[in-house]
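Please look through the model below before reading on. The points that follow deal with its cysteines and its nonpolar cores.

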Amino acid sequence: MPQLSIGDASMREGDAGADTLWFALAIEPPADVEVRVQFRTEDGTARAADADYVAVTGEASLAAGEFTGRLFVLVMGDSLLEGNEVLRVRLLGAAGAEIADSLAFGMISNDERTRFAYVPTGFENYPFGSLPLAWSDMNSDGWQDLPPASGGPGMGFQEIEGFGAFLEAGNYHGASWCDYDRNGFPDLVVLPYSVDYAPHSRALLLRNRGGGEFDEVALTLGIAEPGFGETAVWGDFDGDGWPDLFTPYYGHVPPFRSFLFRNLGNGTFEELGVQAGVDLFATPEHLKPEGATAADIDGDGSLDLYCASHLFLNDGTGKFKDVRAERGLPEAFDEGTCFVDVDSDGDLELYLRTAEGPRLFRLDDPKSPEITALAGLPSYPMAWGDSWSDVEGDGDLDLLVMDFDQGSHLLLNDGLGHFSEDLGFRQLGVSSDQSSWADVDRDGDPDFVVSVWDRRLYQNLAQQLPEPADGYLEVTVVDSSGFLTAHGATVRLTRLDGGPGAVQTRVVSGQNAYLSQNEYAVTFGGAGEGRYALAISYPSRGGVPQIVDSLINPELGPLRPGLLRSRRMKVLRDGRIEFAPAPVAGVTPGGAANLRLGPATPTPTRNEVEFAVDLERPGRAALMLLNVQGRRVGSLELGPLPKGTHRVRWSLREALGDAPPAGVYYCRLEIDGAPAGVRRVVLVH
């Protein structure tokens, strides 16, 4: 009996009217008689009731002797900026053939565009050379910071007092944040780039003590290497639960090698670059390390590493073997590299910015690994500073390509790993040498900053465009104590009805392709009321992945992001999850008394916590304590306060009772009954 099957299909949505999505039918061997097949459409994330497509139950036919045929579904266009959507076509029965494959998926790719606007921020230029772009919420106030400035409401920034003194007029390349000592505050490593006008060029490690105070500890810890440093990478390479640090340096000049500093868990490090096999000793100048990236590319739980044309596989104990040649990858100098899932199939690809332009490689097919042309990536002149983000919030990763001659290019992904340029983006005239992404205004879509010299911030205006209610899901991956140490962890959001582009994959940022660092939290776009499952693979050891998923906590799947009580969730290594209540995601500028609530000190705390309340005019003040579900669990009336700065001390045990549960809380300041500021507090026993 001839075997009949149906294949998947995809198309761009269009802005209006109806267009035809064709599905291919195949039969082997051809039938001697006409074959008639009945089919019907089924909702996936695309729904007929929402006018995404026209539901149909119908019949298609293949003439006698034909190998192929086709059927179609009408797709309705719109101008909404939304996620990529999927419908199903099911073959119900056939006369003259036997159905071998009855189900096909049709992807409707978002083809709307977001817009960006330049935002004056008051960034002070760093006058002594370059200072890389590394995002972090260094003071736990809910706003992303970008040294040497701290962020706040309204995308405003102000200089971190005393921070510039640590830099000692040095010229720096790689910068990356990580709470290496697990004290609740992210610390910053900055690598030097030795040139004549940087007399103090050496590596710095700025230990964050909270409250805007730092200690420079690189000399004490033995990691203050001088030289031409590049992209610093944090990651738990030996799987012991403590983040380690890889620092690549040029190998053709002193110190002639790179370094891997193992975190000993007591605030100190042990250098193991040679023993681990990643010292890159005497790497020639034409292959000098620039970009570096780490992720678990083979699914064994251990972090692998790419740098300087070396693809290092981790054996599960923190020792590495270069497998570039056996994976079929070329020897190529790069000015940026990243492990990234471009086609949303759950597997990571390798991106390189080379002299030939952007290049993309599969890591599971040594016979034909390069997919640059298939992906539609154009060839641009050599430059550096490329970065990846889901720009339109449609569920796939897009590419910002630096071009010093023509201005930067924004290449948009169709959801299956094929790219086309957003020509409207060119009107911004962005020409720069570096880029990095963070949700600076806390509205759910990524904003970006460029230039290590004269920093320029661009706001994503997606929230000002028409869009449905599906939107985003932000996930912060932490250890069992709630600390931000899971750099390199792989986070996957899987659409449970399957089909192409069903697995959004993100890697927690320990770096960002070249010198910089994206925001720590990962964001999934286009995640509405469909059924999904969330899974996190933490860095582990011994070749045994540590997976936190619905088997550990049923709340991780099935889940419907559009119906969750918050779009922002935190997942802990022991499987617990916490939701940030909507009121603490951000505070609009202006407020009832135009005030500022200072960060909680100390945090973590065992009981008392102190805040600074700064009022520009008198007002009646109160502090509200919220749990992670957004419920008020305590309050403190401050009464009428005059204009000025006031120090407020609060006993959390008095507010919560004698035995309050440890964990994350949010303190909200209200003035004259209106919310005016939020700070995060961590209570420990």
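The notes below take the cysteines before the cores.

1. The model is predicted. How many disulfides does it contain? The count is 0. A disulfide is a covalent bond between the sulfur atoms of two cysteines.

2. Cys-178 takes part in no disulfide. The cysteine sulfur nearest to that of Cys-178 belongs to Cys-338, 17 Å away. Is Cys-178 buried or exposed? Cys-178 has a relative accessibility of 1%, so this residue counts as buried.

3. Why does Cys-338 form no bond with Cys-307? The closest cysteine sulfur to that of Cys-338 is in Cys-307, 13 Å away, which is too far for a bond; the pair would have to lie within 2.5 Å. Cys-338 is also buried, with a relative accessible area of 11%.

4. The largest nonpolar core is made of 25 residues. Within this core, Phe-23, Leu-25, Leu-71 and Leu-87 have the most contacts. Two or more residues come from each of β1 (3-6), β2 (9-12), β3 (18-28), β4 (35-43), β5 (57-62), β6 (68-76), β7 (85-95) and β9 (103-109). Which strand gives the largest share? That is β3, with 4 residues.

5. Phe-23 deserves a separate look. Leaving aside residues up to four places away in sequence, Phe-23 touches several residues, including Ile-6, Ala-9, Leu-71, Val-73, Leu-87, Val-89, Ala-104 and Phe-105. Gly-7, Gly-69, Arg-70 and Gly-106 are also among the residues that Phe-23 touches.

6. A second core, separate from the one above, has 23 residues. Among them are Ala-486, Val-491, Ile-536 and Ile-577.

Technical notes. Residues are numbered from 1 along each chain as its sequence is written. This is a predicted model: local features need pLDDT of at least 70, side-chain atom pairs count only at pLDDT 80 or more; totals for chains, interfaces and linings use all residues. Side-chain values use heavy atoms; hydrogens and water are left out. Buried means under 20% relative accessible area, exposed over 50%, partly exposed in between (1.4 Å probe, protein chains only). A nonpolar core is a set of buried Ala, Val, Leu, Ile, Met, Phe, Trp, Tyr and Cys residues joined through side-chain atoms within 4.5 Å. Contact means heavy atoms within 4.5 Å.
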